[in-house]
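Reader: I would like a close look at a single part of this model, with the reasoning spelled out step by step. Please begin with whatever cut-off the reasoning needs.

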Amino acid sequence: MHEQGRALLTYCHGQKPDVMDQALDFFTGQRVAALVLSGADCLRDKLVRLADRGLPIICFNNDIEGVPMQRVFVNNRDAARRAVGHLIDLGHSRIAVLSGDLSQSTARERLEGYHQAMAGRGLAVDDRLVGAGSWRPSLAYAALSDLLDGPQKPTALFSSSAGMTFGALQLLADRGLRVPDDISLIGFDDSVAFRLREHPLTVIQQPLDRIAGAIGELLAAHLEADKYLAPGTLRFDCDLITRRSCGRLPA
């Protein structure tokens with residue numbers, strides 16, 4: 001946007017609905033030329049009104065159904081399916097999953113990918129191995145604690161976000177459990193911290209540069225055309241980065 005001679009305004013909302021609403025009012029008051037946001041259902045009605053007034057809106061990450069806008073997402077289902085499939089290829093069948101906030105499309109899609117991977121290999125999903133981390137490290141910590149105390153202890157874990165992966169790693173460290181000796185672990189999203197571990201984590205990596213580039217190109221197209229372009233959706237594939245956090249389960 002800087003290269004296009006435009007300024008970028010940001011608003012930190014911490015996923016709080018009232019603050020998100022305030023952010024939209026702030027941007028509207030500033031007469032912004034376009035709006036970029038991660039989707040939240042609580043904003044639907046106001047975004048529809050803004051779109052009807054001709055404000056270009058670009059949504060990344062979570063979708064909001066019924067809003068006419070441009071969407072830039074990744075193929076969450078396929079990425080999660082490949083991640084869990086990697087664990088299955090290593091001989092794991094008791095695979096736990098830490099899911100995000102299921103009110104959001106991204107969390108639902110990643111959990112659906114987990115189910116698809118299991119079903120595609122003829123493995124039944126044990127609901128006792130599905131934990132609600134809701135994107136937060138503290139909730140992931142508590143959810144994994146419950147999963148490990150259950151009757152069917154998992155041999156592998158798929159974490160649906162980097163934040164929840166940090167929570168899971170803290171719980172495993174507190175219990176003296178080692179990755180991958182005691183449990184294999186694969187996470188969605190990478191972090192420098194994951195690469196600095198004794199056994200660096202295998203992760204699903206989103207193409208952040210391509211996502212940002214696509215958003216910039218869509219904004220330029222909207223603003224140069226000086227009109228509201230027809231809604232559309234772009235989806236990018238993610239990379240599976242294999243490292244040393246997933247071990248083969250002995251026969």
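Author: A residue counts as buried when its relative accessible area is under 20%, as exposed when that area is over 50%, and as partly exposed in between. The model is a predicted one, and the values that follow are computed from it.

With that cut-off in hand, leucine 111 can be placed: this residue belongs to helix 4, which spans residues 105–120, and because its relative accessible area is 14%, leucine 111 is buried. Leaving aside residues up to four places away in sequence, the contacts of leucine 111 are with Val97, Ser99, Leu102 and Val130. For one of these partners a backbone distance can be added, since the C-alpha atoms of leucine 111 and serine 99 are separated by 6.3 Å although the two residues stand twelve residues apart along the chain.

The same cut-offs help in reading the charged pairs, for the structure holds 15 salt bridges. In one of them lysine 46 is paired with aspartate 21, with 2.9 Å between the closest N and O atoms. Lysine 46 sits in helix 2 (residues 44–52) and aspartate 21 in helix 1 (residues 17–29), so this pair ties together parts that are 25 residues apart in sequence. Lysine 46, with 16% relative accessibility, counts as buried, whereas aspartate 21, with a relative accessible area of 30%, is partly exposed.

Another salt bridge is formed by aspartate 149 and arginine 175, whose closest N and O atoms are 2.9 Å apart. Here aspartate 149 lies in helix 5 (residues 137–149), while arginine 175 lies in the loop between helix 6 (162–174) and strand 7 (184–188), so the pair ties together parts that are 26 residues apart in sequence. Aspartate 149 has a relative accessible area of 52% and is therefore exposed, and arginine 175, at 34%, is partly exposed.

A further salt bridge links aspartate 190 to arginine 195, again with the closest N and O atoms 2.9 Å apart. Aspartate 190 is buried, its relative accessible area being 19%, and arginine 195 counts as partly exposed at 39% relative accessibility. Finally, salt bridges with shared partners join Asp21, Asp25 and Lys46 into one network.

Methods:
Residues are numbered from 1 along each chain as its sequence is written. This is a predicted model: local features need pLDDT of at least 70, side-chain atom pairs count only at pLDDT 80 or more; totals for chains, interfaces and linings use all residues. Side-chain values use heavy atoms; hydrogens and water are left out. A salt bridge is a side-chain nitrogen of Lys or Arg within 4 Å of a carboxyl oxygen of Asp or Glu. Helices (H or I, at least four residues) and strands (E, at least two) are DSSP runs, numbered from the N terminus. Buried means under 20% relative accessible area, exposed over 50%, partly exposed in between (1.4 Å probe, protein chains only). Contact means heavy atoms within 4.5 Å.
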